[in-house]
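Work through these exercises with the model open beside you. Try each task before you read its solution.

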Amino acid sequence: MTVTVHPAAALAGSPRLPADKSVAHRAALFAAVADGESEIVGFSDAADPQSTLACLRALGVEIEPRADVLGPDGTPSLFVQGRGLDGLRPPTDPLDCGNSGTTMRLLAGLLAGRPFPSTLAGDASLSARPMGRIADPLRLMGADVGLTDGHAPVALRGGPLSGVTYRLPVASAQVKGAVLLAGLSASGTTTVVEPVATRDHTERMLELDVMELGGERHVSVEGGARIPARQWVVPRDLSAAAFFLVAGSIAEAATISLAGVGLNPTRSGALDVLRAMGADVRVGNERERAGEPLADLRVDAPGGLEGVEIGGALVPNLIDEIPVLAVAAAFAQGRTVIRDAAELRVKETDRIEATATFLRAMGADVQERPDGLVIQGGRPLHGAHVDARDDHRIAMAAAVAALGASGPTVIEGAQAAAVSFPGFWDALNEIASGSVEYL
Ligand code: S3P
């Protein structure tokens with residue numbers, strides 16, 4: 001799908017955001033191995049969480065939406081018949097994780113210690129992403145993990161595991177989650193040590209033990225721990241909200257409201273960075289649902305942004321928002337430096353290169369560094385032809401830049417947005433009063 005996005009000086013509306021992808025994956029996985037029926041309120045119809053559901057169904061888990069039980073936003077609740085960890089059925093075919101790294105890495109952890117073989121496969125992008133980072137700790141636990149040159153398909157033989165203490169060599173919540181989920185099947189205690197904090201949904205949702213020791217986080221799980229069936233409430237995704245927060249912050253006039261957005265402190269760094277740049281984002285009605293904090297957000301046009309420095313321990317906290325923060329930087333006065341973000345090169349595509357490419361095509365002054373970007377903001381951007389590179393966040397970040405550019409921007413591969421945000425183009429069109437043209 002190709003879309004053309006026309007400039008829009010004034011933005012207004014209350015776009016409906018998709019469910020938080022990270023929480024949705026985990027709610028489905030935990031409900032599947034819980035004892036009894038769980039309800040997931042506000043699940044997502046985005047492609048990535050749907051990949052997790054498809055894999056769980058292939059493992060024998062019954063999952064049904066019930067149109068008679070609606071969440072606060074009108075979406076049917078999902079009912080999952082938890083089979084307990086021991087009740088998963090051997091899959092007959094490779095499990096298709098689609099484009100979803102979280103599905104593949106968390107499921108690899110969950111399945112490594114099951115007494116049956118399984119294979120996890122993905123699309124071309126996922127098959128190019130590093131899987132050695134999960135194979136290494138799982139092998140230390142005794143798992144038999146086959147990879148091809150460090151990549152998917154991930155072939156698990158299944159068998160007994162032993163608990164380990166594993167210090168994460170890269171800041172990755174997916175690796176942390178994989179090791180902790182394998183720990184459920186392992187003998188003894190499994191501990192993940194995080195030198196730099198990553199999103200803490202797994203430990204929050206499973207109520208795991210967390211200790212701070214010498215500036216590091218130690219997260220532990222006991223082998224054989226049972227997961228109780230329960231109700232999960234999935235917040236709206238801050239990573240999706242970020243596109244509108246930036247759109248509103250670079251517009252000449254804007255009032256955009258975003259309801260029920262997850263504000264987990266290990267995820268909300270983009271909000272702090274935007275405010276440091278001068279954005280006018282207000283947070284109200286703060287509450288907590290099923291262990292996750294959420295709030296309603298409102299963004300107004302601030303009348304100018306300033307450059308900022310992003311690096312160090314903040315990076316894992318806003319890693320998925322960097323492409324759109326780079327867009328904000330291109331519209332800000334002064335220099336923005338993004339460092340310590342080499343992980344971006346192994347996301348759905350190389351997001352450092354992809355972001356630099358579309359921003360430059362639109363006239364921005366952007367230099368690529370091995371671990372980030374240097375953006376000299378303030379040059380007027382113009383419309384361009386952009387290839388989304390099959391990456392949802394690149395498609396959506398380019399669309400936000402297009403709203404503030406002069407002339408139309410053609411975005412090829414716009415369908416990629418549906419990986420995390422199926423309603424994105426309509427939502428953008430709604431706030432930008434008809435600026436999106438579908439070809
Ligand atoms: C995720 C963790 C992050 C993030 C991804 C979702 C998760 O990846 O980029 O979109 O749900 O655990 P890493 O854990 O690989 O950094």
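**Exercise 1. A residue in a loop**

Task: In this predicted model, find where Leu-305 sits in the chain, and decide whether Leu-305 is buried or exposed.

Solution.
- Step 1: Locate it. Leu-305 lies in the loop between β19 (292-300) and β20 (309-310).
- Step 2: Check the cover. Buried means under 20% relative accessible area. Leu-305 has 4%, so Leu-305 counts as buried.
- Step 3: List the contacts, skipping neighbours within four places in sequence. Leu-305 touches Ser-249, Ile-250, Met-277, Gly-278, Ala-279, Ala-328, Ala-332 and Gln-333.
- Step 4: Take one contact and compare sequence with space. Leu-305 and Ala-328 are 23 residues apart along the chain, and their C-alpha atoms are separated by 7.7 Å.

**Exercise 2. A helix and its surroundings**

Task: State how many residues of helix α10 are buried, and name them.

Solution.
- Step 1: Count. Helix α10 covers residues 322-331, and 9 of its 10 residues are buried.
- Step 2: Name them. They are Ile-322, Pro-323, Val-324, Leu-325, Ala-326, Val-327, Ala-328, Ala-329 and Ala-330.
- Step 3: Conclude. With 9 of 10 residues buried, α10 is largely enclosed by the rest of the structure.
- Step 4: Link back. Ala-328 is one of these buried residues, and Ala-328 is also in contact with Leu-305.

**Exercise 3. Salt bridges**

Task: Give the number of salt bridges. Then examine the pairs Arg-217 with Glu-203 and Asp-68 with Arg-66.

Solution.
- Step 1: Total. The count comes to 28 salt bridges.
- Step 2: Take the pair Arg-217 and Glu-203. Their side chains meet at 2.9 Å, N to O. This pair links distant parts of the chain: Arg-217 is in strand β15 (residues 216-222) and Glu-203 is in helix α6 (residues 201-205), 14 residues apart. Both Arg-217 and Glu-203 are buried.
- Step 3: Take the pair Asp-68 and Arg-66. Here the N to O distance is 3.2 Å. Asp-68 is exposed at 59% relative accessibility. Arg-66 is partly exposed at 35%.
- Step 4: Add another pair. Asp-350 and Arg-345 form a salt bridge at 2.8 Å, N to O. Arg-345 has a relative accessible area of 24%, so Arg-345 is partly exposed.
- Step 5: Look for shared partners. Salt bridges join Arg-129, Arg-199, Asp-320, Glu-348, Arg-351, Asp-391 and Arg-393 into one network.

**Exercise 4. A member of the network**

Task: Describe the place of Glu-348 and its contacts.

Solution.
- Step 1: Locate it. Glu-348 is in the loop between β21 and α11.
- Step 2: Check the cover. Glu-348 has a relative accessible area of 11%, so Glu-348 is buried.
- Step 3: List contacts beyond four places in sequence. They are Asn-99, Ser-125, Arg-129, Asp-391 and His-392.
- Step 4: Compare with the network. Arg-129 and Asp-391 are among the residues that salt bridges join with Glu-348.
- Step 5: Compare sequence with space. Glu-348 and Arg-389 are 41 residues apart along the chain, with 8.8 Å between their C-alpha atoms.

**Exercise 5. Backbone exceptions**

Task: Find what is unusual in the backbone at Asp-149, at Arg-389 and between Ala-152 and Pro-153.

Solution.
- Step 1: Recall the rule. Most residues other than glycine have a negative phi, and most peptide bonds are trans.
- Step 2: Check Asp-149. Its phi is near 50°, a positive value. Asp-149 is in the loop between β8 (145-148) and β9. At 72% relative accessibility, Asp-149 is exposed.
- Step 3: Check Arg-389. Its phi is near 55°, also positive. Arg-389 is in the loop between β24 and α12. At 26%, Arg-389 is partly exposed.
- Step 4: Check the peptide bond. Ala-152 and Pro-153 are joined by a cis bond, with omega about 0°. Pro-153 lies in strand β9 (residues 151-156).

**Exercise 6. Charge on the surface**

Task: Name the residues of the negative surface patch, and place Asp-390.

Solution.
- Step 1: List the patch. Asp-96, Asp-123, Asp-387, Asp-390 and Glu-412 form it.
- Step 2: Place Asp-390. This residue is in the loop between β24 (385-387) and α12 (392-403).
- Step 3: Classify it. Exposed means over 50%. Asp-390 reaches 53%, so Asp-390 counts as exposed.

Definitions and conventions
Residues are numbered from 1 along each chain as its sequence is written. This is a predicted model: local features need pLDDT of at least 70, side-chain atom pairs count only at pLDDT 80 or more; totals for chains, interfaces and linings use all residues. Side-chain values use heavy atoms; hydrogens and water are left out. Patches are made of residues with over 30% relative accessible area and no salt bridge: like charges are joined within 9 Å, nonpolar side chains (Val, Leu, Ile, Met, Phe, Trp, Tyr) within 5 Å. Accessible areas come from the Shrake-Rupley method with a 1.4 Å probe; for residues, only the protein chains shown count as cover. A salt bridge is a side-chain nitrogen of Lys or Arg within 4 Å of a carboxyl oxygen of Asp or Glu. Lys and Arg count as positive and Asp and Glu as negative; His and the chain ends are not counted. The place of a charge is taken as NZ of Lys, CZ of Arg, CG of Asp or CD of Glu. Helices (H or I, at least four residues) and strands (E, at least two) are DSSP runs, numbered from the N terminus. Buried means under 20% relative accessible area, exposed over 50%, partly exposed in between (1.4 Å probe, protein chains only). Contact means heavy atoms within 4.5 Å.
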